[in-house]
Amino acid sequence: MEMLSIIFVLLFIIVALIVLAVMQIKMAGMNIKDFWDFIQANDLLDRLYNFSKNYDKLSPQQQLIFLMEAEKVFNAFDKVPNTLWEEEYNKYIKVLDAYKDIKLLRWEQS
C-alpha cells in the first residue's frame, strides 16, 4: 500500500512538471510543435555546421541536400524567440553564410 502511494505521488509530480513546461512554452508565445521542431533543428544545426566548414568540397547533390536541410533549420529557428538560441548564434551564422555561398555558386553554374 505504501509503495502504491509513492508511485502515485511520483506520477503526480511528473504530470505537474509536464504541465508546467507546456504552460511556460505557451506563455513564451510558442506552439509545442514549433518548440519540438526547434529542438530537432538544433541537432540538425550542429551537423550542418560541421558540413559548412567544408561546403566547397561537397558534390552538387550534397550541396542540394545541405540547402534543403538548412532551410528547415532556418524555418524552425524563425518560429522561436532569439533568446532560446543565442548560444547557437555563431553556428547559425556560419551555416547561413555557407547556405548563401552555395546558392550563389549554384546560381553561377546554371
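Q: Buried means under 20% relative accessible area, exposed means over 50%, and partly exposed is what lies in between. With that in hand, why is Lys94 called partly exposed?

A: In this predicted model, Lys94 has a relative accessible area of 35%. That value is not under 20% and not over 50%, so partly exposed is the label that applies. Lys94 is placed in helix H4, and it touches Tyr49, Ser52 and Lys53 once residues up to four places away in sequence are set aside.

Q: What makes Glu88 count as buried?

A: The relative accessible area of Glu88 is 17%. The cut-off for buried is under 20%, so Glu88 is on the buried side of it. You will find Glu88 in the loop between helix H3 (60–78) and H4. Leaving aside neighbours within four places in sequence, Glu88 is in contact with Asn42, Leu45 and Asp46.

Q: And why is Gln63 called buried?

A: Gln63 has a relative accessibility of 4%, which is under 20%, so it is buried by the same cut-off. Gln63 is in helix H3. Not counting residues up to four places away in sequence, it touches Tyr55, Leu58, Ile102, Leu105 and Arg106. For the whole protein chain, 25% of the 110 residues count as buried.

Q: How do you know that the chain is more spread out than a compact globule?

A: Start with the elements: the protein chain has four helices and zero strands, running α-α-α-α from the N terminus on. The radius of gyration is 20 Å, while the globule rule gives 13 Å for 110 residues; 20 Å is well over that, so the chain is more spread out than a compact globule. Along the principal axes, its C-alpha atoms fill a box of roughly 70 × 25 × 20 Å.

Q: What share of the chain's contacts joins residues at least 24 apart?

A: Counting contacts between residues at least 6 apart in sequence, 75% join residues at least 24 apart.

Q: Why are H2 and H4 called oblique to each other?

A: Helix H2 (residues 32–52) and helix H4 (residues 89–109) pack at about 55°, with axes 9 Å apart. Roughly parallel needs an angle under 35 degrees, and roughly perpendicular needs 65 to 115. An angle of about 55° meets neither, nor is it over 145, so the pair is oblique. The crossing of H2 and H4 is left-handed. Leu45, Asp46, Leu48, Tyr49 and Ser52 in H2 meet Lys91, Tyr92, Lys94, Val95 and Ala98 in H4. By class, that contact has six nonpolar, one polar and three charged residues.

Q: What makes H2 oblique to H3 rather than roughly antiparallel?

A: The axes of H2 and H3 come within 9 Å and cross at roughly 140°. Roughly antiparallel means over 145, which this angle does not reach, and it is outside 65 to 115 as well, so H2 is oblique to H3. This crossing is left-handed. Residues making the contact include Phe38, Ala41, Leu45 and Phe51 of H2, and Phe66, Ala70, Val73 and Phe77 of H3. The contact of H2 with H3 divides into 11 nonpolar, two polar and two charged residues.

Q: How do you know that H3 and H4 are oblique?

A: H3 and H4 pack at about 135°, and their axes are 10 Å apart. The angle is not over 145 and not within 65 to 115, so oblique is the class that remains. H3 passes H4 in a left-handed crossing. Among the residues that meet are Gln63, Leu67 and Phe74 in H3, and Tyr99, Ile102 and Arg106 in H4. The classes come to 14 nonpolar, one polar and four charged residues.

Q: How far is Lys94 from Arg106 in sequence and in space?

A: The two residues are 12 apart in sequence and 18 Å apart in space, C-alpha to C-alpha. Lys94 takes part in the contact of H2 with H4, and Arg106 takes part in the contact of H3 with H4.

How values were computed
Residues are numbered from 1 along each chain as its sequence is written. This is a predicted model: local features need pLDDT of at least 70, side-chain atom pairs count only at pLDDT 80 or more; totals for chains, interfaces and linings use all residues. Side-chain values use heavy atoms; hydrogens and water are left out. Axes are lines fitted to C-alpha atoms, for helices over the stretch in contact, and angles run from 0 to 180 degrees between N-to-C directions. Helices (H or I, at least four residues) and strands (E, at least two) are DSSP runs, numbered from the N terminus. A crossing is left-handed if the near helix is turned anticlockwise from the far one by less than a right angle, and right-handed if clockwise. Contact means heavy atoms within 4.5 Å. Ala, Val, Leu, Ile, Met, Phe, Trp, Tyr, Cys and Pro count as nonpolar, Asp, Glu, Lys and Arg as charged, and the others, Gly among them, as polar. The radius of gyration is taken over C-alpha atoms; the globule rule is 2.2 Å times the number of residues to the power 0.38. Buried means under 20% relative accessible area, exposed over 50%, partly exposed in between (1.4 Å probe, protein chains only).
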